[in-house]
Amino acid sequence: MRIVIIGGGAAGATAAQFARKQSRDAEIDIFESTKYPQYSKCGLPYVLTGKISSFENLIEFTEEWFQRNKIRLHLSTVVSSVDVSSKRLVVSDAEREKTISWDSLIFATGASPSLPGIGGILSGDKLREGIFQFRNIDDAKALKEWCAKGKRKILVVGAGLVGLECAEALHELQHQVTVVEYLDSVLPTMIDSDMAEIVASAIDRAGISLRTSASVQSVADSEIVKSANLKSRTDGPTEEIECDTVVLATGIRPTTELAIQAGCEVGKSGHIRVNEKCETSVKDVFAVGDCTQYRDAVIAVEWPVGLGTLAVKMGEIAGKNSAGGDAVLPSGFLYSRVTKLFGLEIGGVGPLSSALSKAGIKYVQSRVKGSTLPPYYPGGKEITVKLTARADDARLLSCQIIGEIESGLRADIIGAAITGGLKVQDLSMLETAYAPPVAPCVDVLTTAAQAIMIRLEHSRKI
């Protein structure tokens, strides 16, 4: 049996590892278009600041590791076409082009940065000098080298996770940073707008200029500096921002051209549709990671995957099944997420409020503040929790949490509770450990559950 994997990132490399665990005899090939074996993209901002000493430290599995496990890793190799009927594909490297046969095929082609329609950012088909994306090692290396030449005035376009992590890193390096976001709040796919206000306040305290509900119309060049024309979505005046560096963090788009060529069904946004075995609509063809979409566990709507944890889990399932296994994913993902920005841990699990409303789910919410320690013990840090439950049966639906410490991973508790079908009553009775220097007697999650119970009792729904 020959298993071919297109893409050697977290999802593809994990698929190869589990295919090998499933079968000692299978031939396994990974074709990766870049020169790097599997590495952590999530670590790029921390190499920028020096918290991680080098980009090489981000490599999780070296070429030697793949050799030891008899997995053929082909770097700087591009797959140009896929023929499902003959089970062949065409690959090329710097030396030659050749045709490869396969029995099982896994698309792990990931996603590429979405280039915004901003005038003046391109010179021909390339980004102009001083304008960067931030998706891979080469992007981060180029930005790091550019910023090492002196203090910069940097405009970050996009206040999603990548944009804010990059902005924080550049601010820590003492550059002047402005962030522009088209939508009305930061981290728009991670937390609700009211919770985002906490993050926006932290950004302001850090000394970063944040402009929401605004778009960059164009970037002009001069001998000394660039300038960006900024337009408010509320029809305000056009503003000119002086900058010598622009970082584009305006989202990603799935790399699925080959999958579409192969006949794989894709969703409205172009992501490959897969089932619980990571199978596509084409026999013996699997897909994993950022190029795919999968069901949300709460609202049963398919969403782009887009998280490293889920990419690795999908890689495990597809790897096993490509080698003859029968593994399955959960019936849906909770899209558990966490980050740390500007001194705050930010965590979430389950759908945003807007997604619940769009799905027609009636819900009740509480937003409460608590502390990591009892009020009488010094050193406690504030935690804000937004908890959501169904209005009809009080089952838990989602949670968002922000605080300085011991906050983000509390969302995992709610993730387990949602998976178990627990209700707010169950969470309100959760037994938690208590000691003054460690934790409060009543955890903030319990307080949030009790607040929802009061609201439900008042509406006679419980």
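What share of the contacts in the protein chain with a separation of 6 or more comes from residues 24 or more positions apart? In this predicted model, such residues account for 62% of those contacts. The protein chain contains 12 helices and 28 strands. Its radius of gyration is 24 Å, close to the 23 Å that the globule rule gives for 462 residues, so the chain is as compact as a globular protein of that length. Taken along the principal axes, the box filled by the C-alpha atoms is roughly 70 × 60 × 45 Å.

Burial and surface composition were computed for the protein chain as well. Of its 462 residues, 51% count as buried. The area that the chain exposes is about 21500 Å², and 50% of this area is supplied by carbon and sulfur atoms.

Aromatic side chains were examined next. The count of aromatic pairs comes to 6. One of these is formed by Tyr 36 and Tyr 39, with an edge-to-face arrangement in which the ring centres lie 5.8 Å apart and the planes meet at 75°. Tyr 36 has a relative accessible area of 11% and is therefore buried, the cut-off being under 20%. Tyr 39 is likewise buried, with a relative accessible area of 11%.

A tilted pair is formed by Tyr 294 and Phe 333: the centres of the two rings are 4.8 Å apart and the planes stand at 55°, an angle that is neither under 30 degrees nor over 60, so the pair is classed as tilted. This pair links distant parts of the chain, as its members are 39 residues apart. Tyr 294 belongs to strand β22 (residues 292-295), whereas Phe 333 is placed in the loop between α8 (308-322) and β24 (337-341). Both partners are buried: the relative accessible area is 0% for Tyr 294 and 4% for Phe 333.

Aromatic residues are also grouped beyond single pairs, with Phe 61, Trp 65 and Phe 66 forming one aromatic cluster.

Charged side chains were further found over aromatic rings. The charged end of Lys 21 is positioned over the ring of Phe 18, at 4.4 Å from the ring centre. An arginine provides a further case, with Arg 152 lying over the face of Trp 146 at a distance of 4.0 Å from the centre of the ring.

Conventions
Residues are numbered from 1 along each chain as its sequence is written. This is a predicted model: local features need pLDDT of at least 70, side-chain atom pairs count only at pLDDT 80 or more; totals for chains, interfaces and linings use all residues. Side-chain values use heavy atoms; hydrogens and water are left out. Rings of Phe, Tyr and Trp (its six-membered ring) pair if their centres lie within 6.5 Å; planes under 30 degrees apart count as stacked, over 60 as edge-to-face and the rest as tilted. Buried means under 20% relative accessible area, exposed over 50%, partly exposed in between (1.4 Å probe, protein chains only). Helices (H or I, at least four residues) and strands (E, at least two) are DSSP runs, numbered from the N terminus. A charge sits over a ring if NZ of Lys or CZ of Arg is within 6 Å of the ring centre and within 35 degrees of the ring normal. The radius of gyration is taken over C-alpha atoms; the globule rule is 2.2 Å times the number of residues to the power 0.38. Contact means heavy atoms within 4.5 Å. Accessible areas come from the Shrake-Rupley method with a 1.4 Å probe; for residues, only the protein chains shown count as cover.
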